[in-house]
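These are my notebook entries on a structure I examined. I looked up a sheet first and an interface afterwards.

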Amino acid sequence: MSTLYAPVGITPTKPLTPSHLKGLLFFDCIRRLESLLGTGVVWHNRRPWDISLQTLRFWAYLDATAPGQDYTLLSEADIGLRYMQCFQSDTVPQQPVLERYIQRIESEGYVHPSSVRVLDLWRGVFDVLGLDGAALVCSEPFLESQQGVLDRLAGLGLLLDQRSCGGAVFLDLTDQGQALRSLVSEQGLPNYLMAILRDIWARAADHTEICLYHDIGVERDYVLLERLLQLSGVSTRRIAFNRVAVEGKVLSARQGGWQYFTAADILQRVAGGYSAPEIRLGFLLYFLFDDGIRRPKNYSDAGLAQALLRAREILCSVPEGGSCEKSVLAAAVRTRQGVNVYGCLSLLQQRKVAGGLKRAILECLL
Amino acid sequence: MSAVLNEAFLRQRLAAVQQAGAGAQSTCTLFVVLRQWHARSYVEGLMGFLQTLDAVSRRQWLANFTKTRVLAGDPAREAIRPLLQYGNQDVGFALVDSSRRHDPLGSLLVDFRSTMPLDDGMRADIPLAGGGGLWHLHLDVRGLSLQAYIVHLTHLLAESAISLEERMPASLRIAHLGVAPTPANAAYARIEVDEGALHCRGTVALE
């Protein structure tokens with residue numbers, strides 16, 4: 001059995017926020033724990049997100065408003081502020097402008113210098129937290145053409161194509177009770193759903209199942225993807241994560257609210273003096289355990305600091321060596337459809353749980 | 001049934017529109033579900049739909065001149081077909097009580113949008129199954145998107161058929177114009193009010 005993991009990407013146009021951290025850490029834990037149950041391949045292709053309209057709009061905005069800008073010295077916040085300004089402005093690039101970017105991304109994997117800078121800055125956070133850096137660098141051509149995807153949809157009877165009368169192209173799952181969803185606008189521009197389909201649909205054929213992973217904000221689109229893949233014969237499951245509230249609000253980065261709460265800011269402010277394993281475990285405990293079910297109203301430095309202290313205590317209290325068999329750990333975390341990350345982190349914090357099991361958990365997660 | 005298309009006629013039409021809803025017990029919205037735009041198929045579907053309307057629905061329609069929503073969708077889908085009152089493979093129609101806050105058609109489908117330009121010199125004859133004569137439909141297409149054009153076409157034909165209480169025509173002759181239509185024998189006109197000035201968007205004349 002082989003699982004293709006297809007996590008949602010983060011557009012490299014803004015700072016990493018607590019919500020991003022939670023998403024990245026949760027996926028990383030799922031992947032590590034599920035590796036105990038079977039084989040899997042993680043497909044981190046940034047290209048669908050680079051080619052998304054929100055990224056293109058930002059790149060076009062930067063090139064129009066600050067041509068020749070040197071981005072190598074700008075901070076995440078500098079670029080994030082420009083991102084907010086872009087979406088506060090009413091200027092939407094003309095279609096030929098967007099098409100030029102699309103062509104460069106498709107043909108040469110183009111990345112705008114502002115996003116190169118953002119990815120470079122994110123790398124520091126990824127390294128400290130032990131996250132998979134492939135998410136930052138992988139940009140591979142799509143396996144399938146747009147027309148290939150449309151032909152497949154037509155073959156399944158799930159396409160509404162109104163291009164002949166100047167209209168859009170839709171994924172039509174109305175018979176499944178799902179709302180009609182555009183894939184290509186009436187201006188001829190494909191959206192990110194089309195890019196995802198071009199990227200993963202054909203790739204899924206090499207695996208026994210596909211696991212879609214996304215934040216709750218795009219759940220409607222991912223429900224559509226799940227249904228479509230299932231209807232096409234691909235065994236599909238879907239895992240969603242909730243975003244983290246900051247100062248009482250769950251905002252998109254384009255709306256702001258991240259100032260003072262970027263991942264880099266948090267690490268610098270709260271995690272000083274801790275070792276790399278303590279930081280990683282502390283962040284796991286905070287974002288995936290404390291924020292998982294207890295759901296604090298807001299992200300808080302104090303809460304994270306307490307989690308870091310707990311992580312230090314756990315790492316000190318669990319003896320080196322003597323970890324239990326992987327099969328024992330697998331049995332402890334397995335659920336009907338995958339693994340229980342929350343339960344796994346709970347085991348680490350229970351006194352009665354054997355040291356061997358705790359050691360195995362730490363070896364798996366850290 | 002004929003009238004000279006002058007200021008007095010336009011004012012009379014405007015007054016009729018403004019008073020049309022006075023006796024209506026409820027309001028309604030016409031949902032048009034469009035898979036593909038084919039003028040002939042559309043007109044056939046619309047005329048067929050109008051023939052299914054009873055007297056109550058006709059009165060309701062006249063009380064709701066401006067409430068037409070054109071949605072992109074496939075009227076033949078199992079989930080859509082039962083929600084329509086009439087349709088063919090390209091288009092379907094449903095007259096729905098506007099007080100329903102969550103209409104399933106509006107939830108499942110999205111507004112139809114098109115970038116297709118309209119030809120202001122287009123002429124087309126569409127044979128229909130009705131037993132009446134020939135209707136001439138003149139429509140000023142300046143500045144219209146296809147979706148707005150469909151709304152005007154729908155209202156012109158529907159309100160002509162309902163208010164004139166004529167038999168369905170045997171044929172329809174459509175002419176796109178780049179100016180406001182001014183046929184002397186217009187029986188029905190679609191009026192737009194722009195900053196107080198009356199503008200004729202389209203007319204139907206009977207022959």
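Entry 1, the sheet. I began with a definition: two strands count as paired if DSSP finds at least two bridges between them. The model I read is a predicted one. In chain A, I found four strands forming an open sheet in the order β2-β1-β6-β7, with parallel pairing. I noted that β2 (39-42) and β7 (236-241) of chain A stand at the edges; each has a single partner strand, so one side of each lacks a neighbour in the sheet. From one strand to the next, the twist averages 25 degrees.

Entry 2, one pair of strands. I looked up β1 (residues 2-7) and β6 (residues 209-215) of chain A, which pair in the parallel sense over five bridges. For P7(A), I recorded Y213(A) as the bridge partner in β6(A).

Entry 3, a helix on the sheet. I saw that helix α1 (residues 18-34) of chain A packs on the sheet and touches β1, β2, β6 and β7 of chain A. The direction of this helix makes about 140 degrees with that of β7(A).

Entry 4, the interface. I found 21 residues from chain B and 21 residues from chain A in the contact. The area buried between the two chains is about 1,500 Å², and carbon and sulfur atoms give 50% of it. In chain B, I listed Q36(B), R77(B) and L108(B) as losing the most area to chain A, together 36% of what that side buries.

Entry 5, polar features. I counted three salt bridges across the interface of chain B and chain A. One joins the side chains of R113(B) and E186(A), at 2.9 Å from N to O. On the side of chain B that touches chain A, I noted eleven nonpolar, five polar and five charged residues.

Methods:
Residues numbered from 1 in each chain as written. Chains lettered and ligands numbered in written order. Predicted model: local features only at pLDDT ≥ 70, side-chain atom pairs only at ≥ 80, totals over all residues. Heavy atoms only, no water. Contact = heavy atoms within 4.5 Å. Buried area = accessible area lost by both parts, 1.4 Å probe. Salt bridge = Lys/Arg side-chain N within 4 Å of Asp/Glu carboxyl O. Nonpolar A, V, L, I, M, F, W, Y, C, P; charged D, E, K, R; others polar. Axes fitted to C-alpha atoms, helices over the stretch in contact; angles between N-to-C directions.
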